[in-house]
Amino acid sequence: MQPLNMAFDKPLVIDTHALAWQASPAPGVWRKRLECVAEERGHVTSIVRYDPGSAFPNHGHPAGEELLVLEGVFSDESGHFGAGSYLRNPPGSGHAPASESGCVLLVKLCQFADDDGQSLVIPGLLGAPSRELHRHGSERVSWFRLNPGEGLPAQPFSCEFFLVDGLLEAPEHRISTGYWCRFPAGLCPPLRAEQPTLVWLKAGHF
């Protein structure tokens, strides 16, 4: 597989609903790759769907894993995590993930700083106000709850965000639920909420 969307100097605006589901190595687990460096290894960002009752074999994450539960309930040995849960599994961790009822996740692999070993579980974001979720060096991970007319804060660094719910508009963009966007430093346009909007954002990491 050739690298996908790995030119970090170019803006990306992707409607993930328009992408086709592709089978993973585990039966009943599907994915939509948004960016990746190679087949089944290295840097990758995906939307992942677990059908009800599906599971992935126990495996390690030598370079870390980051998860945002978008729908359903995701489970592993450490617990059950509903929609709006944000998890960071640091380098060297491992688990056997599954979902009894089915779930949809935003998953990022191999994107931890070498010296970032923090394990993190933050549930309940769907009902939470804007807040910072994680900070390490220049990296910031944040949750934004925007009312109509409020703008997504300007980002001085490179950034990516996933629009969990709602609508953001700019002169050249109309970004709705399910969009994943990535912008180099200085190229993220001013975006304003046209309705109540929930955004997961990560900045300063590439």
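**Figure 1. Lining of the second largest pocket in the predicted model.** Strand β16 makes the greatest contribution to the lining of the second largest pocket, supplying three residues. This view, like those that follow, is drawn from a predicted model. The space within the second largest pocket amounts to about 210 Å³. Its lining comprises 13 residues, of which H17, L70, E71, V104 and F162 are the closest to the centre. Two elements, β7 (65–76) and β16 (159–165), each give two or more residues to this lining. By residue class, the lining of the second largest pocket contains seven nonpolar, four polar and two charged residues. Rolling a probe the size of a water molecule over the atoms reveals where empty space remains.

**Figure 2. Strand β7 and its pairing partners.** How many of the twelve residues of β7 are buried? Nine are, and β7 is therefore largely enclosed by the rest of the structure; the cut-off for a buried residue is a relative accessible area under 20%. Strand β7 runs antiparallel to strand β12 (residues 103–109), to which seven bridges join it. Within that pairing, V69 lies opposite L105 of β12. Strand β9 (residues 86–89) is likewise antiparallel to β7, and four bridges join the two. Here E66 has R88 of β9 as its bridge partner.

**Figure 3. The hairpin between β7 and β8.** Two residues link β7 to β8 in a hairpin. The antiparallel pairing of β7 with strand β8 (residues 79–82) extends over four bridges. In this pairing, two phenylalanines face one another, F74 standing opposite F81 in β8.

**Figure 4. The open sheet of six strands.** The strands of this open sheet follow the order β1-β19-β16-β21-β15-β14, and their pairing is antiparallel. Which strands stand at the edges? These are β1 (12–15) and β14 (131–136); each has a single partner strand, so one side of each lacks a neighbour in the sheet. On average, and with direction ignored, neighbouring strands of this sheet are turned by 10° against each other. Strands of a sheet pair through backbone hydrogen bonds, in either a parallel or an antiparallel arrangement.

**Figure 5. Pairing of the edge strand β1 with β19.** Four bridges connect β1 with strand β19 (residues 179–183) in the antiparallel sense. One pair of facing residues consists of V13 and C181, the latter in β19. As an edge strand of the six-stranded sheet, β1 has a single partner strand, so one of its sides is left without a neighbour in the sheet.

**Figure 6. Strand β15 between β14 and β21.** Strand β15 (residues 139–146) is mostly covered, with six of its eight residues buried. Its antiparallel pairing with strand β21 (residues 197–203) runs over seven bridges, and F144 stands opposite V199 of β21. The pairing of β15 with β14 is also antiparallel and spans five bridges; in it, R131 is placed opposite W143 of β15. The strands β14 and β15 form a hairpin with two residues between them, and G137 in the turn has a positive phi of about 60°. In a regular strand, side chains alternate between the two faces of the sheet.

**Figure 7. The open sheet of three strands.** The three strands of this open sheet are arranged in the order β18-β17-β20 with antiparallel pairing. Strands β18 and β20 (192–193) occupy the edges, each with a single partner strand, so that one side of each has no neighbour in the sheet. Between strand β17 (residues 167–170) and β20, the antiparallel pairing covers two bridges. The bridge partner of L168 in β20 is A193.

**Figure 8. The surroundings of S176 in strand β18.** Residue S176 belongs to strand β18 (residues 173–176). Why does S176 count as partly exposed? The relative accessibility of S176 is 27%, and the partly exposed class lies between the limits of 20% and 50%. Apart from neighbours within four places in sequence, the contacts of S176 are L163, G166 and L167. Residue Q195 is 19 residues away from S176 along the chain, and their C-alpha atoms are separated by 10 Å.

Key:
Residues numbered from 1 in each chain as written. Predicted model: local features only at pLDDT ≥ 70, side-chain atom pairs only at ≥ 80, totals over all residues. Heavy atoms only, no water. 1 Å grid on protein atoms, 1.4 Å probe; cavity = no way out; pocket = protein on both sides within 12 Å on 5 of 7 lines; lining within 4 Å. Points joined across faces, edges and corners; volume = space filled by probe spheres on them. Nonpolar A, V, L, I, M, F, W, Y, C, P; charged D, E, K, R; others polar. Pairing = 2+ DSSP bridges. Axes fitted to C-alpha atoms, helices over the stretch in contact; angles between N-to-C directions. Buried < 20%, exposed > 50% of the residue type's maximum accessible area, 1.4 Å probe, protein only. Contact = heavy atoms within 4.5 Å.
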